[in-house]
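Hello,

Here is the structure I said I would pass on. My notes on it follow below.

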Amino acid sequence: MTRLEVRGLVKEYRLRDGFRSTRLRAVDDVGFSLDHGRTVALVGQSGSGKSTIARLLLQLERPTAGEILLDGRPVARRGAGLTRYRRLVQMVFQDPFASLNPHHDVAHHLARPLRLHHPDLSRADIDARIRHLLERVQLDPGLAGRRPHELSGGQRQRVAIARALAPSPGILIADEPVSMLDVSIRLGVLNLLADLQREEDLGVLYITHDLATARHFSDDILVMYRGRIVEHGPADEVILNPKHEYTRLLADATPNPERRFGEESRTPG
Amino acid sequence: MTGKLTAGLAIAVPIVLFGLLGPLLVQDPSRVDDIGLSAPGAGHLLGTTQTGQDVFAQLAYSTRGSLIVGAVVGVLTLLLSGFFGIVGAYAGGWLDETFSLVINVMLVIPGLPVVIVISAYMPDRSLLLVSVVLAITSWAGSARVLRGSTLSLRSRDYVLASRVAGEKRWRILLVEILPNLVPLLASQVVFAVIFAILGEAGLSYLGLGASGTFTWGTMLYYAQNGLALRLGAWWWFVPPGLLLALFGAALALINFSIDEIINPRLRSQTRAARRGWRMSREQLRKAKEATL
């Protein structure tokens, strides 16, 4: 039963241009919460600060201001507290071709988080868990000995999902998990994520720029524009009755078969 | 196994074996004989020097000496450039700034003049001292290259992923980053060995090399002092010169083949590879234009 909460999160970067330096506010006063068993979609265009939020939540960077709370308490930045946080909050990266080390086999990628967070497991236990994890993401357990370059994009992303699930987390952050995949296999990976979310009672932050999948796969939608959250609410509400101008723009940009074919049927051939 | 690697190993391995085993089989290279300068013959496989020392025995000891210099400089360069290049770039912050400054300072120090000054200052030079001097003046270039690669590797997604998994920093460096640098390290070491052996030969030829030991450079130095060229004593200066050139060429070939492993694009840049494509002359010309 994990709950991750963000309050007043700000991240500024200093840009140096010769002697002048300006500040770029990538994330500006953002607040939301992630609960177990719920999927929250974070939607926005490139450069709107979505991935910066993911990096802040994963403690790959320090926020300039604001706080991140895990189960109501501020998160630990070092020591045993950080290890516990790393076990509970996991991530699926965008690019499955970059997120697996070309030098190591699939088993290494799954065994490391298992060893780190369950140090008392024996070698046989770990092998059994690796097989189980691969089955969970619908991969042949025989792939354990393969290197990443022998796998397809979809298989790699499934391995990355298995790696994120290895420490048995409560929160999963998926940063555009299907944007680098072939259109034909995107649905399979998204369905897998949805199934795992239900079975493991995960809280999922689904970062995307695709409103259609955001509506289909998530309970709540946050719309982000220039570092701010401009709209948030239940998925259908945000899509069907957009309040903010930017959300309306996004919704209009999504191809809508009903509207298109509706127009065509009205014009007589 | 590419052709280059095969050719390189075919030349380098026999020379290394000769350097390792040769000195165990030959006579004392410094033993003076009253037969004087004599051409290759029955008793002396490669003839003798002016003072009747066996050239073949000297060649065996010289090979060993030059290889020791190459090995010591190779290892020291690997350690120094790895430490300053990889650790600094990975740690970031002020450590990176400091290490970067050290690398840049070492980079602009002109190598050979410093080596000559240090060598001239030390009246009694051992082989080890010469190697250390060569190493500390030559590691900076490869440290710079390693720093660049590490900077690019440390922000890759798989490194971030292992941070998210909770890996310790030193383990990320050793297990996730270092294996991807191995081909680069290998080619840097091979280059350092070539540089060291040629540099030592140059120093010795100037009379600034190690005193009291045999290397290919000292052999050439004594051959030149003994007027070998004017006396037509080719057996005295050709063998060390030839081994020096052959070993340098072999290591360069090995280095090229490592480069092709690092950067597969280089593989199609050779004429032999293009011939394998079975294209018409017209198509080949276009392909060449496109890749130039």
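**Salt bridges**

Over all chains, the structure holds 21 salt bridges. Please keep in mind that this is a predicted model. Side chains of opposite charge can pair when their charged atoms come close.

The pair I would look at first is formed by the side chains of A:Asp220 and A:Arg38, with a distance of 3.1 Å from N to O. This salt bridge links distant parts of the chain, its partners being 182 residues apart. A:Asp220 belongs to strand β9 (residues 220-225) of chain A, while A:Arg38 sits in the loop between β2 (20-35) and β3 (39-43). A:Asp220 has a relative accessible area of 18%, so it is buried, the limit for that class being under 20%. A:Arg38 is at 36% relative accessibility and therefore counts as partly exposed.

A second pair in chain A joins the side chains of A:Glu61 and A:Arg55, at 2.7 Å from N to O. A:Glu61 is buried because its relative accessible area is 18%. Its partner A:Arg55 counts as partly exposed, at 31% relative accessibility.

The third pair lies within a helix. The side chains of A:Arg198 and A:Asp195 meet in a salt bridge of 2.9 Å, N to O. Both residues are in helix α6 (residues 183-200) of chain A, and because they are 3 residues apart there, about one helical turn separates them. A:Arg198 counts as exposed, with 59% relative accessibility, and A:Asp195 counts as partly exposed, with 29%.

There is also a network of salt bridges in chain A, which links A:Arg3, A:Glu5, A:Arg7, A:Asp35 and A:Glu67.

**Where chain A meets chain B**

How many residues of each chain are in contact across the interface? Chain A contributes 23 residues and chain B 14. Between them the two chains bury about 1,600 Å², and 57% of that area is on carbon and sulfur atoms.

The count of salt bridges between chain A and chain B is 1. It is made by the side chains of B:Glu167 and A:Arg112, at 2.8 Å from N to O. Polar contacts between the chains come to 9 residue pairs, counted where both residues have pLDDT 80 or more. On the side of chain A that touches chain B, the elements that give two or more residues are β6 (89-92) and α3 (106-117). Of these, α3(A) supplies the largest share of that side, with 5 residues.

**A buried leucine in chain A**

Is A:Leu134 buried or exposed? At 0% relative accessibility, A:Leu134 counts as buried. This leucine is part of helix α4, which covers residues 123-136 of chain A. Leaving aside residues up to four places away in sequence, A:Leu134 touches A:Val106, A:Leu110, A:Leu139, A:Asp140, A:Pro141 and A:Ala144. Another leucine, A:Leu250, lies 116 residues away from A:Leu134 along the chain, and the C-alpha atoms of the two are separated by 37 Å.

**Chain B as a whole**

Chain B has 13 helices and 0 strands, so to read its elements from the N terminus on is to read α throughout. Taken along the principal axes, the C-alpha atoms of chain B fill a box of roughly 75 × 55 × 30 Å. The chain has 292 residues, and 43% of them are buried. Among contacts in chain B between residues at least 6 apart in sequence, 68% join residues at least 24 apart. Its accessible surface comes to about 15,200 Å², with 67% belonging to carbon and sulfur atoms.

One surface feature of chain B is a nonpolar patch. The patch is formed by B:Leu9, B:Val13, B:Val16, B:Leu17, B:Leu20, B:Leu21, B:Leu24 and B:Leu25, which together have about 760 Å² of accessible area. One of these residues, B:Val16, is found in helix α1 (residues 3-25) of chain B. B:Val16 counts as partly exposed because its relative accessibility is 31%.

Regards

Technical notes. Residues numbered from 1 in each chain as written. Chains lettered and ligands numbered in written order. Predicted model: local features only at pLDDT ≥ 70, side-chain atom pairs only at ≥ 80, totals over all residues. Heavy atoms only, no water. Helix = DSSP H or I, 4+ residues; strand = E, 2+ residues; numbered from the N terminus. Buried < 20%, exposed > 50% of the residue type's maximum accessible area, 1.4 Å probe, protein only. Contact = heavy atoms within 4.5 Å. Patch = residues over 30% accessible without salt bridge, like charges linked within 9 Å, V, L, I, M, F, W, Y side chains within 5 Å. Areas by Shrake-Rupley, 256 points an atom, 1.4 Å probe, with all protein chains shown as cover. Salt bridge = Lys/Arg side-chain N within 4 Å of Asp/Glu carboxyl O. Buried area = accessible area lost by both parts, 1.4 Å probe. Polar contact = N/O pair within 3.5 Å; in protein donor to acceptor, adjacent residues only side chain to side chain.
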